[in-house]
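This report is written for a reader who wishes to examine a protein chain and its ligand residue by residue. Please keep the sequence and the structure in view while reading.

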Amino acid sequence: MNALQTILSTHYGLENVDISPQQGGWAALAYKVTDNKQSYFLKAYDKERASTSKWTALIDSYVPITVWLMNNTDLHGKIPVPIQTNNGFYKCEDDHGIYLLYAYIDGETIGKRTLTKGQIHQFSAMLSELHSYGEEIPLDTHAIKEHFHAPFVPLLKDALNKEYDRLPSDVRERLDPYVETIKQIIVTFYNLSECLKNTILRMALCHTDLHNWNLMQAGGQLMLIDWEGLKLAPVEADLMFLTDKPYFDEFMTIYRKSHPDYVINPNALLFYQIRRKLEDLWEWIEQLAFDSQTEQERADTHDSLQKELEELDSIPGVSTDTAPSTD
Ligand SMILES: Nc1ncnc2c1ncn2[C@@H]1O[C@H](COP(=O)(O)OP(=O)(O)O)[C@@H](O)[C@H]1O
Ligand SMILES: [Mg+2]
């Protein structure tokens, strides 16, 4: 905790703080920090983790845009408030990690719960507000613009082809029955990517990581947190998280009040479904191949990878029938 105290004191001028670990998310460790005046939420990205550079590279581009949204749109009070360092930055770092500080949200993460009618209403209204803004906002959106690339796809492709023998043997054993299917999905990914690059699509601000662990209920307000995936993209980048939800029709009825002419672009939707799947697969493979993990962490990652592989056929048009049964 000493290193964290140093960070908080040096960069934020916070002294005599109480620091307690919190249930973090997928990308970072999390702490509640309290001084004699207020509480904060500290996100700490471990520099040793292979995925950290991906999550932190765009902090200086996306955080100012969330601040603009907070100050200029109806998302005010519905998204986290980042705290600037003494020098006016939204992040700081030491040898171990990269840190972001937020005002603490006193509330409950939705997590495993299902959304109530009122929450669905608020959620849809938030998304439709976010999707009303695009390139025209008075901030540079260049760095967060969608180009239909995915830096991890070539890495995954190589891992399944020329680098396959270098993967740990337990990872290869798990992947073997699914390798051909994943390779076919990668081909589809590249085809869709080319097609979308050549299509004129409306781009809007999108959160791109919509799930219940990124929603908190604070008092009467639903809050959308974890904006590290903020992009200027076709709105299917967000709507892909909702199409399979039982409340999708209700969600769209509210959404269409502000976007009456909107129709889903099926190619964009499939592109994002596939990209997310490949990203999750690569995250688990990368952890197993490169991260130093405890035995328990490794076993958990194997379970997550297995689950992801078994769900490959949830992508429209993908069949894993040729894969032998795993039970
Ligand atoms: N400002 C905040 N105040 C209180 N709790 C928070 C705050 N931001 C996030 N959390 C909690 O921490 C968890 C992880 O935060 P999140 O920003 O989603 O990190 P990750 O990028 O690691 O997923 C969330 O699911 C939520 O429970
Ligand atoms: Mg999260």
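The sections below treat the basis of the model, the annotated domain, the ligand site and selected residues.

## Basis of the model

This is a predicted model, in which local features need pLDDT of at least 70 and side-chain atom pairs count only at pLDDT 80 or more, while totals for chains, interfaces and linings use all residues. Residues are numbered from 1 along each chain as its sequence is written, chains are lettered from A and ligands numbered from 1 in the order in which they are written, and side-chain values use heavy atoms, with hydrogens and water left out.

## Annotated domain

An unreviewed UniProt entry lists residues 19–244 as "domain: Aminoglycoside phosphotransferase". UniProt positions are given in the numbering used here, feature names are shortened, and annotations may be inferred rather than shown by experiment. Over residues 19–244, helix makes up 32% of the chain and strand 19%, and the C-alpha atoms at the two ends are 39 Å apart. Helices (H or I, at least four residues) and strands (E, at least two) are DSSP runs, numbered from the N terminus.

## Ligand site

Ligand 1 is surrounded by 19 residues, of which the closest are Lys43, Ile105, Thr109, Trp213 and Asp226; a residue is near a molecule or strand if one of its heavy atoms lies within 4 Å of it. Strands β3 (39–46) and β5 (97–103) each supply at least two residues of this shell. By type, the shell divides into 11 nonpolar, 5 polar and 3 charged residues. In this classification Ala, Val, Leu, Ile, Met, Phe, Trp, Tyr, Cys and Pro count as nonpolar, Asp, Glu, Lys and Arg as charged, and the others, Gly among them, as polar.

Oxygen atoms of ligand 1 have polar partners in the protein, including a polar backbone atom of Trp213 at 2.7 Å and a backbone N or O atom of Ala27 at 3.1 Å. An N or O atom in the side chain of Glu228 is likewise 3.1 Å from an oxygen atom of ligand 1. Of the 550 Å² of accessible area that ligand 1 has on its own, the protein covers 92%. Accessible areas come from the Shrake-Rupley method with a 1.4 Å probe; for residues, only the protein chains shown count as cover.

## Buried helix residues

Ile7 lies in helix α1 and, at 4% relative accessibility, counts as buried. Buried means under 20% relative accessible area, exposed over 50%, and partly exposed in between (1.4 Å probe, protein chains only). Beyond four places in sequence, Ile7 touches Tyr12, Cys92, Glu93, Asp94 and Tyr99, where contact means heavy atoms within 4.5 Å. Ser124, in helix α4 (residues 117–130), is buried because its relative accessibility is 0%. Outside its neighbours within four places in sequence, Ser124 is in contact with Phe251, Ile254 and Tyr255.

Leu156 belongs to helix α5 and is buried, with a relative accessible area of 0%. Its contacts, neighbours within four places in sequence aside, are Ile182, Ile186, Leu278, Trp282 and Ile285. Ile285 itself is found in helix α10 (residues 266–290) and is buried because its relative accessible area is 1%. Not counting residues up to four places away in sequence, Ile285 touches Leu156, Leu167, Val171, Leu175 and Leu305. The C-alpha atoms of Ile285 and Leu175 are separated by 9.4 Å, although the two residues are 110 residues apart along the chain.

## Loop residues

Two residues of the loop between α4 and α5 (152–160) deserve inspection; Phe148 is one of them. Phe148 is not a glycine, yet its phi is positive, near 55 degrees, and the residue is buried, with a relative accessible area of 4%. Glu146 is found in the loop between α4 and α5 and is also buried, at a relative accessible area of 5%. The side chains of Glu146 and Tyr272 are joined by a polar contact of 2.7 Å. A polar contact is a pair of N or O atoms within 3.5 Å; within protein, one must be able to donate a hydrogen and the other to accept it, and residues adjacent in sequence count only if both atoms are side-chain atoms. Leaving aside neighbours within four places in sequence, the contacts of Glu146 include Met203, Leu232 and Arg275.

Is Asn16 buried or exposed? Asn16 is exposed, with a relative accessible area of 77%. Its place is in the loop between α1 (2–12) and β1 (18–22), and its phi is positive, about 50 degrees, although Asn16 is not a glycine.
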